[in-house]
Amino acid sequence: MKVTLSIIKADVGGYVGHSDVHPAMLSRAREALAEAKEKGIIIDYCQAKCGDDIALIMTHDKGPDSEEIHRFAWETFEAVTEIAKELGQYGAGQDLLTDAFSGNLRGMGPGFAEMEFEERKSEPVICFLADKTEPGSWNFPLYKMFADPFNTAGLVIDPSMHDGFRFEVHDLIEEKKIIFSCPEELYDMLVFIGAPSRYVIKHVFRKGSDEPVAVTSTQRLFLMAGRYVGKDDPVMAVRCQSGLPAVGEVLEPFAFPYTVAGWMRGSHHGPFMPVGTDWDTPTRFDGPPRVVALGFQLKDGKLVGPRDMFADPSYDNARRRALEIADYYRQHGPFEPHRLPLDEMEYTTMPAVVEKLKDRFVPLVGAERDH
């Protein structure tokens, strides 16, 4: 059976501040999903969240970029926004950047990750939802899952994985893409994906075919809106087992709380903390950034699950380290490396401050230039 898995997310109102989603908003989203299933728009669904973002996880047979699916998601977020406004939620509708739906969600604010594939006899899929970070946050774990034999033993010992995978990398600034074949082009790829604020892994494919095995959301709100409107809070779906990384290999990169951009006002670096769904509500300095993992077995398009994959004591050390790293970063206050570098502060107050003070900068003269 050929099935499309779509994860579509948006922040349409925070409870309280940027920390959570009000239960009434989640209830409205579930109602809409149930109605869509009853009408045959979708096969199955799971309503999920991370922090102040609502995620619609759906299966259907309409392919990626379906106008019907995207319209449904948009209208659902509009309906949830009305609840947010009634309850005075913070930033109600903030991810809805236009007034009306126009064919698909590209450039409209909500983030989405979609892939169409032939369902296998057993189809384990993990859906990752993040809060207080950016799309490039998935670069490190995708590299570890599909290209690093120290993480994924199958790259060495599983004949069906030994040839490696192909990575589609997007340049979000110049809106271009390139495909790297790994492991032979691994070093070339690392030059780019090591700069996750600009270069983002969008898809991972099996070698020898165009079959997608992982997909991420790559929407960046500030590039769409031309101003800072909140961090992008990306989502990702990864297929597992039977010629792909095992579930444990897909989860293993998150045992290291690596540094990502985002956190408070989208302008700080911090540790990426893996948490169970009971702890997905960031409050310390509006963070630290966090990620949840929902596991499903897909059968005939039905989502059997979810299983809360990070609700496991084996990630306690990662959480403990993340809190220690958070302490370290916070002690820097407004200084780098906690605060993002200037070239990533373009959509904060920085341009206004530079403009205000531009006439007070004077050229260095004489001995002042000897540096």
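Helices (H or I, at least four residues) and strands (E, at least two) are DSSP runs, numbered from the N terminus. This is a predicted model, in which local features need pLDDT of at least 70, side-chain atom pairs count only at pLDDT 80 or more, and totals for chains, interfaces and linings use all residues. Residues are numbered from 1 along each chain as its sequence is written, and side-chain values use heavy atoms, with hydrogens and water left out.

**Exercise 1. Find the cis peptide bonds before Pro288 and Pro337 and place each proline in the chain.**

Step 1. Begin with Pro337, which sits in the loop between α8 (316–330) and α9 (350–357). Its peptide bond from Glu336 is cis, with omega near 10 degrees.

Step 2. Now go to Pro288, in the loop between β13 (273–274) and β14 (290–299). The bond that joins Gly287 to Pro288 is cis too, with omega near -10 degrees.

Step 3. Keep the background in mind: most peptide bonds are trans.

**Exercise 2. Look at the phi angles of Lys132 and Arg265, and decide whether each residue is buried or exposed.**

Step 1. For Lys132, phi is near 65 degrees, a positive value in a residue other than glycine. Lys132 belongs to the loop between β5 (123–131) and α3 (139–147).

Step 2. For Arg265, phi is positive at about 55 degrees, although this residue is not a glycine. Its loop runs between β11 (259–262) and β12 (268–271).

Step 3. Apply the accessibility classes: buried means under 20% relative accessible area, exposed over 50%, and partly exposed in between (1.4 Å probe, protein chains only). Lys132 has a relative accessible area of 6%, so it is buried. Arg265 reaches 60%, so it counts as exposed.

**Exercise 3. Describe helix α1 and work out how its buried residues are arranged.**

Step 1. Helix α1 covers residues 23–38, 16 residues in total. From first C-alpha to last it reaches 23 Å, close to the 22 Å expected at 1.5 Å a residue; the expected span is 1.5 Å times one less than the number of residues.

Step 2. The buried residues of α1 are Met25, Leu26, Ala29, Ala32, Leu33 and Ala36. These residues lie on the same side of α1, because they cover an arc of only 120 degrees around the axis (the arc is that of the directions from the helix axis to the C-beta atoms).

Step 3. See what covers them: β2 (44–50), β3 (53–60) and α2 (67–86) are included. Contact here means heavy atoms within 4.5 Å.

Step 4. Just past the helix, find Gly40, which takes a positive phi of about 85 degrees.

**Exercise 4. Trace the surroundings of Ala48 and His203.**

Step 1. Ala48 lies in strand β2 and is buried, with a relative accessible area of 7%.

Step 2. Leaving out residues up to four places away in sequence, Ala48 touches Asp53, Ile54, Ala55, Ile57, Leu129 and Leu294. Ala48 and Leu129 are 81 residues apart along the chain, yet their C-alpha atoms are separated by 8.6 Å.

Step 3. His203 lies in strand β8 and counts as buried at 16% relative accessibility. With that sequence limit of four places again, His203 touches Glu114, Arg166, Phe167, Glu168, Ala214 and Val215.

**Exercise 5. Characterise the largest pocket and its lining.**

Step 1. Set the terms. On a 1 Å grid over the protein atoms alone, a cavity is a set of points where a 1.4 Å probe fits but cannot get out, and a pocket is an open set with protein on both sides within 12 Å along at least five of seven lines; lining residues have an atom within 4 Å of a point. Grid points are joined across faces, edges and corners, and a volume is the space filled by probe spheres set on the points.

Step 2. The largest pocket has a volume of about 690 Å³. Of its 25 lining residues, Arg106, His170, Lys202, Thr218 and Gln219 are the closest to its centre.

Step 3. Elements that give two or more residues to this lining are β4 (111–118), β6 (165–171), β7 (176–182), β8 (199–206) and α6 (221–225). The largest share, four residues, comes from β4.

Step 4. Sort the lining of the largest pocket by class: nine nonpolar, five polar and eleven charged. Here Ala, Val, Leu, Ile, Met, Phe, Trp, Tyr, Cys and Pro count as nonpolar, Asp, Glu, Lys and Arg as charged, and the others, Gly among them, as polar.
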